[in-house]
Amino acid sequence: MRILIGATCFIMATSLALGVVVVKKGDVNGDAKADKVDAQLIMRIMLRPGTASPSQKAAADVNGDGVVDIRDARSILKKAS
Ligand SMILES: [Ca+2]
Ligand SMILES: [Ca+2]
């Protein structure tokens, strides 16, 4: 348990040191909501991955499988409806 807490603190400290932006999953445009606008942005990222920033891609990968695809867009639409 002590090791786990130590590792968590280390990861948090590393994230802060690197200036990692914490993104809300599904909120691609950063308006604090995950809605159909974000689903549309995910479709655009799918078609043209080069147009999205790393933080947008991180937010777009809703299910966290490392790929931005239709399943991520669909899960936003499911939650939004
Ligand atoms: Ca949004
Ligand atoms: Ca995904």
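**A walk through a four-helix model**

Let's start at N63, which sits in the loop between α3 and α4. Helices here are DSSP runs of H or I at least four residues long, strands are E runs of at least two, and both are numbered from the N terminus. Residues are numbered from 1 along each chain as its sequence is written, while chains are lettered from A and ligands numbered from 1 in the order in which they are written. What you're looking at is a predicted model, where local features need pLDDT of at least 70, side-chain atom pairs count only at pLDDT 80 or more, and totals for chains, interfaces and linings use all residues.

Is N63 buried or exposed? N63 is partly exposed, with 14 other C-beta atoms within 10 Å. (Buried takes 20 or more other C-beta atoms within 10 Å, exposed means 12 or fewer, and partly exposed lies in between; C-beta atoms are placed from the backbone.) Leaving out residues up to four places away in sequence, N63 touches R71, D72 and S75; a contact means C-beta atoms, placed from the backbone, within 7 Å. N63 and K25 are 38 residues apart in sequence, yet their C-alpha atoms are 8.3 Å apart.

Now zoom out. The protein has 4 helices and 0 strands. Its average pLDDT, the predictor's confidence in each residue from 0 to 100, is 86, and 75% of the residues score at least 70. Among its elements, helix α1 (residues 2-18) has the lowest mean, 62, and α2 the highest, 97.

So have a look at α2, residues 36-47. Its 12 residues should span 16 Å at 1.5 Å a residue (1.5 Å times one less than the number of residues), and the end C-alpha atoms are 17 Å apart, which agrees. Which residues of α2 are buried? They are D38, A39, L41, I42 and I45. Down the helix axis they fall within an arc of 160° (taken from the directions from the axis to the C-beta atoms), so they line one face of α2. The face turned away from that side carries the exposed K36 and L47.

The buried residues of α2 pack against α3 (54-60) and α4 (70-80). I45, for one, touches A52, Q56, K57, A60 and V68, not counting residues up to four places away in sequence.

That brings us to the largest nonpolar core, with 12 residues, including V28, I42, I45, A60 and I76. Such a core is a set of buried Ala, Val, Leu, Ile, Met, Phe, Trp, Tyr and Cys residues joined through C-beta atoms within 7 Å. The largest share of this core, 4 residues, comes from α2.

How values were computed
Contact = placed C-beta atoms within 7 Å.
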